[in-house]
Amino acid sequence: MAIVFIPSQLQKLTGTAQVEVEGDTVRAVVEQMEKQFPGIQQRLFEDDQLSPTLQLSVDHVMTRALSTSVTPSTEIHFLPVIGGG
Amino acid sequence: MSTEVAPDTQTPATYKVIGTRPVRHDGADKVTGKAVYTDDLHVPNMVFGAFVRSPHAHARIVSIDTSDAEKMPGVLATCTSADLPDPWDKVDNLGEGCVNYAHLSGNVLARNKALYKGHAVAAVAATDSYLAQEAARRIRVEFEPLPATMCVQDAMRNDAPLLHDELITHTLDDKPARPSNIASHIQFEKGNVDEGFAAADVVIEREFKTATVHQGYIEPHVSVALWNEDGRLKIWTATQGSFVVRQQMAELLKMPVSQITIVPCEIGGGFGGKISVYEQPVAAVLSRKCGRPVKIMMQRDEVFEATGPTPASFMRVKLGATKDGKLTAGKAWLAFDAGAFPGGVIGPGAMCVFSCYDLPHATVDGFDVVLNKPKTQAYRAPGSTHVAFATECVIDELAERLKIDPIEFRLNNAAKEGTRRVDGPVYPRVGLVECLQAIQESDHWKTPLTGPNRGRGVACGFWFNCGLKSSVTANVNADGTVTLVEGSTDIGGTRTSIAMQLAETLGITAEDVIPQVVDTDSVGFTDVTGGSRTTFATGLAAHEAALDIQKQMVEQAAQIWECSPDEVTVADGVYQGNGKSLSFKALAVEADKVGIPIVGRGVVDPQCSTNAFAVNLVDVEVDPETGKVTILRFTVCQDAGKAIHPSYVEGQMQGGSAQGIGWALNEEYFYGDDGHMRNASFLDYRMPTCYDLPMIDTIIVEVANPDHPYGVRGVGEVPIVPPPPAIANAIYRATGVRFFELPMSPPTVWNAIKGQTTGE
Amino acid sequence: MIDFEYAAPTQLDEAIRLLAAAGDGTRILAGGTDIIVQLREGLRSADLVVDIKKISELTQLKLSGDKGLHLGASVSCRRIYDDQNIAASYPGLADAVRIIGGWQIQSRASVGGNLCNSSPAADAIPPLIAYSATAHIAGPGGKRMVPVEEFCTAPGHNILQQGELLVALTLPPQPSNAGSAYQRFIPRNEMDIAVAGAASWVQLDQSGERIEQARIALSAVAPTPVFAVDASEWLKGQVVSEEVFAEAGELAKRVASPIDDMRGTAEYRTHLVGVLTKRTLATACQRARK
Amino acid sequence: MKTHVTTTINGATVEFLCQPRQSLLAVLRDELSLTGCKEGCNNGNCGACTVMLDGLPVDSCLVLAVEAEGAEIETVEGIAEQGHLHPLQQCFLEGAALQCGICTPGFLVTAKALLEKNPQPSEQEIRFGLAGNLCRCTGYDKIVRAVQAASQASPES
C-alpha cells in the first residue's frame with residue numbers, strides 16, 4: 001500500500017490527485033493502478049521500465065528503481081529527470 | 001574578512017580537519033604551469049583534426065564532397081555522419097538528465113539537415129593544424145537553406161518551420177496528432193489555484209524573457225583519441241565525467257564500454273557544459289581511419305556556436321498574497337529554448353519556479369521547444385536561474401505593494417522542513433530561513449545605502465543538488481599515508497575536500513592523504529562532477545573507504561597486540577588494545593611489516609536531493625545618462641550544510657555570483673536576422689573582468705544535511721541563481737523602473753529610464 | 001591561416017622598397033594586435049608581413065617644448081602613458097592609450113597602428129584629431145604630411161597608397177591653459193570596443209573662464225572617427241559652464257551617423273555622443289585650469 | 001618555409017625553427033613544450049597565454065614567434081626560483097585563488113609584472129592591472145586578495 005500522487009496530466013484517468021494503492025514495491029503499485037485506471041501504466045513506462053524521462057520520489061528517496069519497497073505511509077511522486085551543472 | 005559563519009547555525013567545532021583550509025594537493029602543479037590539461041598532451045605521432053561547420057541556421061545537406069581535401073598532401077582522413085553507426089532512438093539516463101542517442105549522434109555530425117549555424121557537418125585530420133583547417137575549407141558541402149526559427153514564441157506557432165518532421169510532443173497527457181517544435185510539455189498542480197487567487201488581496205502577473213548565455217569556461221573543448229589496431233579506443237579529454245563520456249562513446253560508436261578508456265586530464269572549467277560529447281567521437285573515428293592519435297581542439301567561436309549554451313526563455317509568472325503578507329497561489333507558464341534537439345532544462349526549471357516558498361495552491365506548465373540554435377545544456381543549477389528571475393521579481397513587487405519589508409515577506413512564506421513543494425515532495429530539514437535571517441544580521445543589511453541613483457535588492461535561490469554514484473579506493477602506504485584513488489574530475493579543489501573527509505574519519509592530516517583522479521579502467525563507476533554532488537557523494541564514498549580501512553587496521557592491531565579485535569578501540573586516530581596504543585601512522589608502519597596490504601573501498605549511490613538555498617543582497621548604482629549599472633556591494637549567503645574547506649566553498653559562492661552578475665547585466669547571444677551569432681568571442685560576449693566587480697562577501701550558513709555524516713549539502717550550483725533578480729530589484733530601487741528582461745544591459749536600462757521620464 | 005613571408009627591415013627606405021615591390025598582399029606589422037587576429041580569422045590575408053618595429057624612425061618618442069610630441073608609428077601605448085611628462089602634457093591621448101585593450105595589448109599596440117587599422121571605433125584617433133595631429137607618411141614618391149582627421153576614409157580603409165607607410169605622428173606643443181580628455185562608453189569597464197567615444201581639447205583664456213579654442217572628435221558613430229566641426233567652432237568664446245558643455249554635446253550629435261549593431265542602437269549611440277562630449281569638455285576645462 | 005629564431009626564455013638561450021604564421025604561444029607550447037601558458041581564445045581577449053616579452057606582459061597568441069628573435073621571454077615556468085615558489089604563487093595557494101587553474105598561469109605572470117611595476121597597488125589598481133585576464137571560476141575576489149597578500153610579502157615591496 002502507498003499514496004500515489006497522480007501527475008496532473010494523468011488525473012483525467014484517475015479523476016483524483018491522490019490514490020491509495022495496494023502493493024509493496026513501486027512496480028506492484030503501478031501494476032495495481034493499471035488495473036484501476038487502464039492505460040496509466042503505458043504513460044509512465046517504456047518497455048516495462050520507468051520512462052527514461054521520469055524519476056521517482058519515494059518518500060525522500062529520488063530513484064528510478066521500480067523495486068523500491070513502499071509502506072502504507074509512503075508517498076510516490078513521478079517527476080521529470082533533472083541534471084545539474 | 002569576507003566570510004562570517006552565521007553563529008546561530010554554526011556546528012560545534014569538534015572536527016580536526018574539516019573546516020580547516022589546507023593548501024590543495026594539486027596546487028603546486030597549477031601555480032607552476034606543470035598541471036597537464038588535455039591540450040598540453042603531445043602523444044607520439046599525433047595529428048590534428050578540424051571541423052567543417054554549417055554557415056546556415058537551417059539547411060538541407062544536399063551533398064558533401066571530400067575528394068579535394070583528401071588529395072592534399074598531409075591530409076590523412078575525413079569524416080562525415082556516414083562514418084558514425086546508424087543511431088537508434090534510444091533514450092538513456094546519464095545520471096545528469098537523459099539523452100537520446102539519435103539526437104546526440106546528429107548533433108556530433110549533422111545528418112541530412114544542419115540545424116544551427118556552426119553545426120558540425122564534416123571533419124578532417126591532417127599532419128598539422130593549419131593544414132587541417134585549410135583542408136576543411138576544401139571540403140565542399142552543398143546546402144539548401146531552409147527558413148529558420150530563432151525564438152521560443154515563434155517556434156511554438158503552428159506555422160513555424162519544423163526542425164524535426166516526426167517530433168511529437170512528449171507529455172503524460174494525450175499525445176498531439178501533429179508534429180511540432182514543442183518537444184515536451186510538463187505540468188504540476190497543487191491544490192486549487194482558482195481558490196487560491198480568489199483568497200488573495202493582491203495579485204501580480206508579469207512576463208519575462210531571458211537571453212541565451214554560455215558557461216564561458218576558459219578552456220575550449222579538446223580531446224585526443226587513439227583507436228588502436230586491437231580495437232581498443234583511448235581518449236584523453238576535458239570532461240566533467242569520464243564514465244559518462246565512456247557511456248556516450250560506447251552508444252554512439254556501438255562498441256562495448258570495456259573497449260574504451262577515458263583519461264580525464266585536468267579540466268579548465270565546465271559548469272555543466274562539459275558533460276555531453278562533441279569532438280570526442282569525431283576524433284575517435286578520424287583516428288580509426290588514419291591509424292594515428294588525433295587531437296581536436298575547438299576555437300573559441302566554435303565553443304560559442306557549437307557547444308551547449310543554456311536556454312533563452314519566455315516566462316509568465318503570477319502570484320497572489322493576502323494583506324498580511326501570506327502567499328495564496330502561484331501560476332507559472334514557462335517556455336525554454338532546447339536548441340536544435342529536444343531535452344533542454346525545462347524539467348528542473350518547472351520544478352524550481354516556486355521552490356523557495358510555501359504555496360498552498362499552484363500550477364506550473366513547462367514547454368521544451370526546439371529551434372535553430374545549438375543544443376542547450378546545463379549551466380550551474382540548470383533552469384533555476386531563469387525561473388528565479390521571474391518569481392523573485394514578482395515576489396519583490398508583491399512585498400512592495402503590500403508595504404512589507406522584502407526579507408520579512410520572504411520569511412513569512414519561506415519553504416522549510418515539512419513544506420510541500422508544488423511538484424509534490426515534502427522538504428526535509430533545509431536552511432532558507434536561516435539564510436534570510438543571516439542576511440538580516442549582516443553588516444551589509446544593517447548599513448543603510450545612501451546616495452542618488454542607488455538601490456539595494458534581495459533575492460533567494462534554490463537548487464536540488466544530487467547524490468548519484470561514486471567509487472573510491474584508498475591504499476594505506478608503508479609510511480602511514482593514504483593514497484585516495486577517485487573518479488571525480490577535480491574542477492575546483494574537490495581532490496582536497498574529498499581527501500579531508502577521509503582524513504577526518506581516519507584521524508590523520510589532509511596532507512597525509514594523496515588524492516589521485518584516475519582513468520575509467522582504474523576506479524569504479526563515478527558520475528559527473530556536477531549537480532553539486534562531488535564533495536557530498538564522493539566525499540561520502542571516501543568516508544566509507546576510511547571506515548573500511550579502520551576495520552582492517554583494527555584487525556591488524558589485534559594481530560600485532562595478540563588480542564581480539566573487540567578489545568581494540570579507536571579514538572581520534574589512536575588505536576588502543578591490550579594495554580598498548582599506536583597512532584594511525586605508527587600502526588600502519590607496523591602493519592606493513594606483518595600484515596596483508598590494507599585497501600579501503602567506498603562505493604555509494606545516495607538517492608536524495610540535498611536542497612541548497614542561497615540569498616543575495618546587492619547594492620547598485622545606475623548612471624541615469626548611460627544606463628550602466630555598477631555593483632557597489634554584494635553579499636551572498638548560502639546553506640552549505642557543512643563547509644569542508646571553507647575557502648573553496650566561498651570560492652564556489654563568489655564564482656557562481658560573478659556568473660550570475662554577468663548573466664544579469666551583459667551576457668547574451670546576440671543573433672542577426674540570418675540566425676548567426678554576432679558576438680562569438682570573449683571580446684563581445686561580455687563576461688565580467690575583475691575590474692567590473694567588487695569583492696564578493698560570503699556568509700556560510702551550516703544547517704547540517706541529515707543524509708551525510710559530516711552534514712555536507714554541496715555548494716557548486718545555487719550561487720548563480722539569485723543574482724539576476726537581486727540586481728533587478730536593486731535597479732528598481734535605484735531608478736523606479738522594473739525590469740523583465742535579461743540581460744539588463746546599458747542600452748536596455750537607458751531605454752527603460754527614458755521611457756519612464758518621457759512617459760512612453 | 002595561410003602562411004606568409006616575414007621581413008623585419010631596419011631602414012625606412014628598405015621597408016618602402018619592400019612595400020612598393022610587393023603586391024597588395026603585403027601587410028604591415030606594428031603591435032600586431034589587430035592584424036594577427038584579422039589574418040587568423042581570414043578577414044585579411046597576407047603573402048608578406050613587414051615588421052616595422054626595428055626601424056629607428058618609427059620607434060622614436062620625443063617631447064620638446066617647441067616642437068611638441070613626436071610619436072613614432074610603432075611606439076606602443078604603454079610607452080606613452082609610462083612617460084610622466086608626455087602623459088601630463090597630452091592627457092587626452094594618455095586617457096585613450098590607457099584603455100586600449102588590457103595591459104597585455106597596451107604592451108604591443110601602437111597609436112600608429114590604431115590609426116592605420118582605421119576602425120570607426122578606434123580609441124586613439126579622436127584625441128589625435130582633437131590635438132590637430134599630423135600624420136607623416138613616406139612612400140616611393142617621397143614624404144607627405146596629412147592632418148589626422150583626413151586620414152581615415154572608410155571602415156578599415158585610409159589614404160595610404162600602395163607602398164606607403166606611416167612613419168610618425170606629431171602633436172603640436174600645448175600651451176599651459178590648454179586641456180583635453182577622452183572618454184568612451186563600454187558596457188564593461190575594460191576589454192571592450194567603444195559603443196561611442198569622444199575626445200575634447202580646449203584652450204581657455206587667462207581667466208580660465210572663457211573658451212578660446214576647442215576641438216571635439218568622435219568615434220564609433222560614423223564610418224570613420226569624425227571631427228565635430230560645428231560644435232568646436234561654436235565653443236569659441238563661450239563661458240565655461242555645464243550648459244555650454246551640454247549645448248556643445250547637442251551640436252556634436254549632428255555629425256553622428258551611427259548604425260544599429262550588437263554594441264548599441266543608433267539612437268543610443270547618438271545620445272551617448274552628447275553625454276561623452278559634455279563629460280570630456282568638463283574634464284578638459286578642469287585640466288586646462290591646472 | 002621555416003625561419004630560424006634565437007631567443008632567451010627564462011634566462012636560457014633557445015633556438016627554434018618556425019613558420020612565420022606561428023604564434024609565440026603555438027611555438028612555446030607545441031615546439032618547446034612550455035605548456036604553462038594556455039590557449040583560451042587565441043585572439044587576445046582572455047590573457048591565459050600571457051608571457052613576459054622584453055619585460056612586458058603580452059598575449060603570446062598575438063605575437064608572431066619570428067618576432068621573438070633576440071628577445072627576452074619569461075613564462076610561468078620561470079616564476080619559481082631555486083625550488084622555491086614565488087610569494088605570489090604561495091599566496092595563490094594559501095588564499096585558494098584558483099579553482100580549475102587554466103587561467104592561473106596568465107594571472108601569475110601579469111600579477112608579477114604588476115607588483116614589479118607597482119609594489120603596493122590599491123585594490124582598484126590590481127583590478128585594472130588584471131583586467132586583461134579572464135577567470136570564470138573565482139569571481140576574482142580571492143585572486144585580488146592573493147595579489148594584495150603578495151604585495152605585503154614580496155621582496156619588491
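Begin with helices α2 and α3 of chain D, which are oblique to each other in this predicted model. The reason lies in the angle: their axes cross at roughly 130°, and since angles over 145 degrees would count as roughly antiparallel and 65 to 115 as roughly perpendicular, a value outside these ranges and not under 35 is called oblique. To see the pair, select residues 87-94 for α2(D) and residues 104-117 for α3(D), whose axes come within 10 Å; the crossing of α2(D) past α3(D) is right-handed.

Next, show the side chains at this contact, where D:L88, D:Q89 and D:F92 come from α2(D), while D:T104, D:L108, D:A111 and D:K112 come from α3(D). Coloured by class, the residues of this contact divide into 4 nonpolar, 2 polar and 1 charged.

Now display chain B together with chain D and select the contact between them, to which chain D gives 43 residues and chain B gives 42 residues. On the side of chain D that touches chain B, α2, α3, α4 (123-129) and α5 (141-153) each supply at least two residues, and by class that side holds 23 nonpolar, 12 polar and 8 charged residues.

Finally, move to chain C and pick out its open sheet of 3 strands, which are paired in parallel in the order β1-β3-β2. Because β1 (5-7) and β2 (26-29) stand at the edges with a single partner strand each, one side of each is left without a neighbour in the sheet. Neighbouring strands here are turned by 20° against each other on average, direction ignored. Zoom in on β1(C) and β3(C) (residues 48-51), which pair over 3 bridges, and there select C:E5, whose bridge partner in β3(C) is C:L48.

Key
Residues are numbered from 1 along each chain as its sequence is written. Chains are lettered from A and ligands numbered from 1 in the order in which they are written. This is a predicted model: local features need pLDDT of at least 70, side-chain atom pairs count only at pLDDT 80 or more; totals for chains, interfaces and linings use all residues. Axes are lines fitted to C-alpha atoms, for helices over the stretch in contact, and angles run from 0 to 180 degrees between N-to-C directions. Helices (H or I, at least four residues) and strands (E, at least two) are DSSP runs, numbered from the N terminus. A crossing is left-handed if the near helix is turned anticlockwise from the far one by less than a right angle, and right-handed if clockwise. Two residues are in contact if their C-beta atoms, placed from the backbone, lie within 7 Å. Ala, Val, Leu, Ile, Met, Phe, Trp, Tyr, Cys and Pro count as nonpolar, Asp, Glu, Lys and Arg as charged, and the others, Gly among them, as polar. Two strands pair if DSSP finds at least two bridges between them.
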